[in-house]
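Visitor: Could you take me on a close look at one part of this structure? I would like to see the place where the two chains meet.

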2 protein chains.
Amino acid sequence: MERIPILKMGEFLLVSIQVDMHDRLAMTLQEDLTERIVSAHARGVLIDISSLDVVDSFIGRMLGHIAAMSRILDAETVVVGMRPAVAITLVELGLSLPGIRTSLNVEKGMDLLRRARNENSSGPGEASRARTQD
Amino acid sequence: MERIPILKMGEFLLVSIQVDMHDRLAMTLQEDLTERIVSAHARGVLIDISSLDVVDSFIGRMLGHIAAMSRILDAETVVVGMRPAVAITLVELGLSLPGIRTSLNVEKGMDLLRRARNENSSGPGEASRARTQD
């Protein structure tokens, strides 16, 4: 099983990471995800990492890449389901996941994406940082 | 990673099977899922098998068990994302997945569950069969 499935839920995509990531799998996921964002006209990406015991710098970087690529394609990324122990380890390792939004679970992540969408569609055109509230 | 994550989406639960199932993992999933249906008051279960190249009699039986247990707990089960090759193999093996509803993808599966819910709440009682509406 050399592909991580990407599930479409309305205007959002859901990726549940359950297996150990290695270089090729991470590359495949990034390619699949960017293609899917475009083909599905997705406005948000939810990445569930509740299965992961460990998030190392490799996965942290991958998540950052995915968030950055999605943002360019006008889709917000939210990482959901992080275990408490993973958060502790990340901070101890000095990895603060810059540019990545997190939420407790998929439902809250979807709410966050919906709110972000509404803000974006009602406010002036923006997408990435340096935004003024209207 | 000895557990398959169960994601809550509204009143439904989503399980994405991405790893090879073995006995213990299947047992753990069934236990987790039944507990979660009760604790989350879930009315439906979506099982995504789009990652699976092969669905053998073991997985077919597991899906059947999950569907049967869910039904007793008043939750419908829909298997989504089956690959065409998997469907062909299932039929060739004589496995017709009795009692299991299928849908093309998660979105359609959710629609199916919602419709099933509405029918149950508006029509005469069914779901776990033969119940009277209050």
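Guide: Here is a walk through the contact between the chains, with a short stop at one residue of chain A afterwards. Please keep in mind that this is a predicted model.

Let's start with who takes part. Chain B brings 20 residues to the contact, and chain A brings 20 residues as well. Between them, about 1,800 Å² of area is buried, and carbon and sulfur atoms give 60% of that area.

Now look for charged partners. There are two salt bridges between chain B and chain A. One of them is the pairing of A:Lys8 with B:Glu107, whose closest N and O atoms lie 3.5 Å apart. Turning to polar contacts, five residue pairs, both residues at pLDDT 80 or more, link chain B and chain A in this way.

Where on chain B does its side of the contact come from? Strand S1 (6-9), strand S2 (12-16) and helix H4 (106-122) of chain B each supply at least two of the residues that touch chain A. Sorted by kind, the chain B residues on this side are ten nonpolar, five polar and five charged.

Finally, our stop in chain A: find A:Asp32 in helix H1 (residues 23-39). Is A:Asp32 buried or exposed? Its relative accessibility is 16%, and the cut-off for buried is under 20%, so A:Asp32 counts as buried. Leaving out residues up to four places away in sequence, A:Asp32 touches A:Arg3 and A:Ile6. With A:Arg3, the side chain of A:Asp32 also makes a polar contact of 3.0 Å.

Key:
Residues are numbered from 1 along each chain as its sequence is written. Chains are lettered from A and ligands numbered from 1 in the order in which they are written. This is a predicted model: local features need pLDDT of at least 70, side-chain atom pairs count only at pLDDT 80 or more; totals for chains, interfaces and linings use all residues. Side-chain values use heavy atoms; hydrogens and water are left out. Contact means heavy atoms within 4.5 Å. Buried area is the accessible area (1.4 Å probe) that two parts lose on being put together, summed over both. A salt bridge is a side-chain nitrogen of Lys or Arg within 4 Å of a carboxyl oxygen of Asp or Glu. A polar contact is a pair of N or O atoms within 3.5 Å; within protein, one must be able to donate a hydrogen and the other to accept it, and residues adjacent in sequence count only if both atoms are side-chain atoms. Helices (H or I, at least four residues) and strands (E, at least two) are DSSP runs, numbered from the N terminus. Ala, Val, Leu, Ile, Met, Phe, Trp, Tyr, Cys and Pro count as nonpolar, Asp, Glu, Lys and Arg as charged, and the others, Gly among them, as polar. Buried means under 20% relative accessible area, exposed over 50%, partly exposed in between (1.4 Å probe, protein chains only).
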